[in-house]
Amino acid sequence: MQPLRIAADLGHSQTSRNKGARGVIDLRDLQLLEALARHKHFARAAEECGISQPAFSMRMRSLETQLDVTIIRRGNRFQGLTEEGETVLRWARRMLEDERMLQQEVRTAKGVVSGTLQIGVVPTALTVAARLTVSLHKAHPRMLVRIMSAPSLHIQQMLEDGKIDAGITYSDGIPEDLLQKRELYDETYVLLTPNEIARSLPDVVSWKQAASLPLCMLEPQMQNRRILDNHFQSIGERPDVVAETNALTSSLYLVKEGVAATIVPEVQMQAFGALENAKALPLGEPELTKSISLVTARRSGSTPVLRALIKAVDAIF
């Protein structure tokens, strides 16, 4: 068997010269495989990669021929990867990450930090991520920051799969054998309520009083919701939830319209300032705080964009 060689094809063309070379792995094929693993759908993966579905399928079959393994379980539609396919995918992601790091390091050597920094962020920390983005944009205007709102467990999975560079998430439950964390701040909470409801409340609201109000909260699968539900349960209360959402902006709108109150991190109120027709009231005993951390994969190298992010974090926190 001929030794495998890696051919770097970073664009969407210039691949024809490699098609007939047995034993050559084209990075472009690995990009296609990674897209297929994310979309789990041939047509959507092909569309993202800018090629036709027949051409996409042909390249996947060619990759299988080159490696002499079956990578994809096929039927009328995509049915997942084989065990060997999962192994190829792990190596593909590692090689694509190395290529991305190489490009970043070359640009940095020329005095420019550029490239894309992908951050997964729990909804309650989106304003913090935006604040970091402002700092990064001022220091490195050619750097693209992509912020993705996601539940904490999804963020951990994306980090382990190499789909994002960093996460801003709750410190609890982070598997420290796989991920490393850098604590940023403690999340504390306030009750944001329509003025009409606020008139009947004291200056400091108890959690028991908050539970009796019509509340808009995040969806049950979100960690912030689980934190608040567990806190209410610890004092023997069940909140009166009248609306659920996966975005805090929806909660803010319902408060503004006088429909419901909501419980938000204090850092959110500091970022948005006063909200029309609403009042933020501190929540009293029992006190609730949760640590928020910047999280990265232990296996990931220190890329220029990650170094820039950590520098911005050190300057702010």
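In the predicted model, helix α1 meets helix α2 through Arg28, Gln31, Leu32, Ala35, Leu36, Arg38 and His39 on the α1 side and Phe42, Arg44, Ala45, Glu48 and Cys49 on the α2 side. Helix α2 spans residues 42–49, and its axis comes within 8 Å of that of α1, with a crossing angle of roughly 135°. At this angle α1 is oblique to α2. The crossing of α1 past α2 is right-handed.

Helix α1 also packs against α3. Here the axes come within 10 Å and cross at roughly 110°, so that α1 is roughly perpendicular to α3. The contact involves Arg28, Asp29, Leu30, Leu32, Leu33 and Leu36 of α1, together with Phe56, Arg59, Met60, Leu63 and Gln66 of α3. In this case α1 passes α3 in a left-handed crossing. The α1 residues Arg28, Leu32 and Leu36 appear in the contact with α2 and in the contact with α3.

Charged pairs accompany these helix contacts. Side chains of opposite charge can pair when their charged atoms come close. In the whole structure, 13 salt bridges were found. One of them joins Asp26 to Arg59, with 3.5 Å between the closest N and O atoms. This pair connects distant parts of the chain, since Asp26 belongs to strand β2 (residues 24–26) and Arg59 to helix α3 (residues 53–67), 33 residues apart. Asp26 is buried, at a relative accessibility of 2%. Arg59 is likewise classed as buried, at 17% relative accessibility, because the cut-off for burial is under 20%.

Arg59 forms a salt bridge with Asp29 as well, and there the closest N and O atoms are 2.5 Å apart. That pair again links distant parts of the chain, with Arg59 in helix α3 and Asp29 in helix α1 (residues 27–39), 30 residues apart. Both Arg59 and Asp29 are buried. Asp29 and Arg59 are also listed among the residues that make the contact between α1 and α3.

Within α1 itself, the side chains of Arg38 and Glu34 meet in a salt bridge, at 2.9 Å from N to O. The two residues lie four positions apart in α1 and are therefore separated by about one helical turn. Arg38 is partly exposed, at 32% relative accessibility, whereas Glu34 is buried, with a relative accessible area of 14%. Glu34 and Arg38 belong to one network with Glu48 and Arg93, joined by salt bridges that share partners. Of these residues, Arg38 of α1 and Glu48 of α2 are also found in the contact between the two helices.

Elsewhere in the model, an open sheet of three strands has the order β12-β9-β13, and its strands pair in an antiparallel manner. Strands β12 (262–265) and β13 (278–282) form the edges, each pairing on one side only. From one strand to the next, the twist averages 35°. Strands β9 and β12, which run antiparallel, are joined by four bridges. Tyr189 stands opposite Pro265 of β12. In general, the strands of a sheet pair through backbone hydrogen bonds, either parallel or antiparallel.

Leu192 is located in β9, which covers residues 189–194. The residue is buried, with a relative accessible area of 1%. Leaving aside neighbours within four places in sequence, Leu192 is in contact with Leu252, Val255, Ala261, Thr262, Val264, Met269, Leu275, Ala278, Lys279 and Ala280. Among these partners, Thr262 and Val264 fall within the edge strand β12, while Ala278, Lys279 and Ala280 fall within the edge strand β13. Leu192 also lies 9.5 Å from Ser251, C-alpha to C-alpha, although 59 residues separate the two in sequence.

A further set of contacts concerns helix α5 (residues 126–139), in which Thr127 lies. Thr127 counts as buried, at 15% relative accessibility. When residues up to four places away in sequence are not counted, Thr127 touches Val267, Gln268, Ala271 and Phe272.

Conventions
Residues numbered from 1 in each chain as written. Predicted model: local features only at pLDDT ≥ 70, side-chain atom pairs only at ≥ 80, totals over all residues. Heavy atoms only, no water. Buried < 20%, exposed > 50% of the residue type's maximum accessible area, 1.4 Å probe, protein only. Contact = heavy atoms within 4.5 Å. Pairing = 2+ DSSP bridges. Axes fitted to C-alpha atoms, helices over the stretch in contact; angles between N-to-C directions. Salt bridge = Lys/Arg side-chain N within 4 Å of Asp/Glu carboxyl O. Parallel < 35°, antiparallel > 145°, perpendicular 65-115°, else oblique. Left-handed = near helix turned anticlockwise from the far one by under 90°.
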